[in-house]
Structure formats: structure tokens, C-alpha cells
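I opened this notebook to record what I looked up about empty space, helix packing and one aspartate. The entries follow the order in which I looked.

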Amino acid sequence: MPQVKRAKVDESKFNYGIELPYSLRRMDFISAMQDVYDFFGDVNDNLTGRGLQRLDDMLRPAAMSGMLSDMITDSLANHSRGLTSNLYHNGHPDLILKGRYPQDRVQAGEEGVEVKATRKSGGAVDTHGARDQTLCVWVYEVDNNRDKSVYEREPLRIREIYINQVTLADFRHNERGTLGTRTSTLHKEGLIKFREGWVYLDKGDGGHSAWRG
């Protein structure tokens, strides 16, 4: 029986010159990316073996981004030396210093890393509140081309990773729709600053991300 394609971590696309915060290591990001790839490979093999769709094809974009954010947060917490998951429901940030807060729970902590996953190239992710924080954004790509069989479609891949300190002044506020909640996004200058903290860039053809030219 054929199997779905599996993604592999390309270590050559990592930034070997970046100084990472909170004692994070390049290997922590490599391991977290591999965890994501292994999960989707194993789950999709099981699903397609039962005649079902891949998980990539089942989930809506918002659900996929939310699941990936949680998965990456837990994986980085597992592999890093000094960070752990914030156990407060919807607490900020997602990753906090081990032992910094009682029971590793805090509603609004001052130290740690907020983790986001998005399909938007360049890391322009929407947040529910602008604030001073260390932000980590993972940009992913999904092949939902229905003109190809499930076995011909490319696996989910991480294309970009950024981590950098941003401030309240780096954000713009988005207008709230009649049914939506107000969000904030890094403005043009904030994005330029944020992208200086690139950890991983993979354009998909051996080059770097398109925004870098």
C-alpha cells in the first residue's frame, strides 16, 4: 500500500549566527520541527490506510494554526533547558521560565516566549493583544491541491521561523468586524525589526524566503 509523503528537517536552512533568548538552542527548534513532521507522517499514514483524508486536508486553517501553535509550544518546552509550558488556560506567554511562577501558571507573565503558527509568509500573524513580548512565529505550508492524489500531495512543511523581542509600539490595531474581536499585527517597521530574528528560512527551491529577495 502506498504511503503519504513525509517532510524532513533541512538543517542547512537554519540561521547559525543568531543568538537565541532564554537559553534556547538551535537543536531545540530542530527537534520541535521533527516532532511536528513525525506526528503528521504517523497520523496521515494511519488515516489514509483506513481510506480517510490526511489530517492536513481535514482541518480548517484556523484549527490547523491553533493545533500547531500548541504542538510547537509543548515540543519546545520538552526540548528546551529553561522553558516550560504555561499551564494557565490562555495565559501569556505560552512558554515561561521553569519555576518562575507558582505551579508554572501565570495569567500575564513578563518573561517567556509567545508562540504562534501561521500560513502568512513573513510572520505577520494576528494577535489578540499588542504588548512587549518575545514573539516566536512559525510559518507553515500545506498542499491541499485536490488535482493530485493524497499520495502525491506534499507534506506539511515549516517554511519560516522567527523569534525576537517586540514592543507595544511595533504593532498596529486592526479594525474589529461586527462579529469579530479586535486584533493587533506588527506594522511594516515592526515586521522589518522582527524578521531580523530569523531562525529558519526555506523558500522551497533551495533559496531563502521571498521577502528577503
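**Cavity, pocket, helix, aspartate**

Helix α1 (residues 26-49) was my starting point, since I wanted to know what surrounds the largest cavity, and α1 gives the most to its lining, with 5 residues. I keep in mind throughout that this is a predicted model.

I then listed the lining of the largest cavity in full and found Val4, Lys5, Arg6, Ala7, Val36, Tyr37, Phe40, Gly41, Asn44, Asp56, Pro155 and Leu156. Sorted by class, this lining has 7 nonpolar, 2 polar and 3 charged residues. The volume of the largest cavity came out at about 80 Å³, and the count of cavities of 30 Å³ or more is 1.

Next I turned to the open space, where the largest pocket holds about 870 Å³. Its lining has 32 residues, and I noted Ser69, Asp94, Glu114, Val115 and Lys116 as those that lie nearest the centre of the pocket. I asked which helix or strand supplies the largest share of this lining. The answer is α3, with 8 residues; both α3 (61-79) and β3 (113-118) supply at least two residues each. By class, the lining of the largest pocket divides into 6 nonpolar, 17 polar and 9 charged residues.

For a look at packing I chose helix α4 (residues 188-195), in which Gly190, Leu191, Phe194 and Arg195 are buried. Seen down the axis of α4, these buried residues fall within an arc of 125°, so they line one face of the helix. I set beside this the general point that an α-helix has 3.6 residues a turn, so residues three or four places apart point the same way. The face of α4 turned away from the buried side carries Lys188 and Glu189, which are exposed. To see what lies against the buried residues of α4, I followed their contacts, and they pack against β4 (133-141), β5 (157-166), β7 (184-186) and β8 (198-201).

My last entry concerns aspartate 70, which is found in helix α3. Is aspartate 70 buried or exposed? Its relative accessible area is 52%, and because the cut-off for exposed is over 50%, aspartate 70 counts as exposed. I also checked its separation from aspartate 38, which lies 32 residues apart from it along the chain, and found 16 Å between the two C-alpha atoms.

Technical notes:
Residues numbered from 1 in each chain as written. Predicted model: local features only at pLDDT ≥ 70, side-chain atom pairs only at ≥ 80, totals over all residues. Heavy atoms only, no water. Buried < 20%, exposed > 50% of the residue type's maximum accessible area, 1.4 Å probe, protein only. Helix = DSSP H or I, 4+ residues; strand = E, 2+ residues; numbered from the N terminus. Arc of directions from axis to C-beta. Contact = heavy atoms within 4.5 Å. 1 Å grid on protein atoms, 1.4 Å probe; cavity = no way out; pocket = protein on both sides within 12 Å on 5 of 7 lines; lining within 4 Å. Points joined across faces, edges and corners; volume = space filled by probe spheres on them. Nonpolar A, V, L, I, M, F, W, Y, C, P; charged D, E, K, R; others polar.
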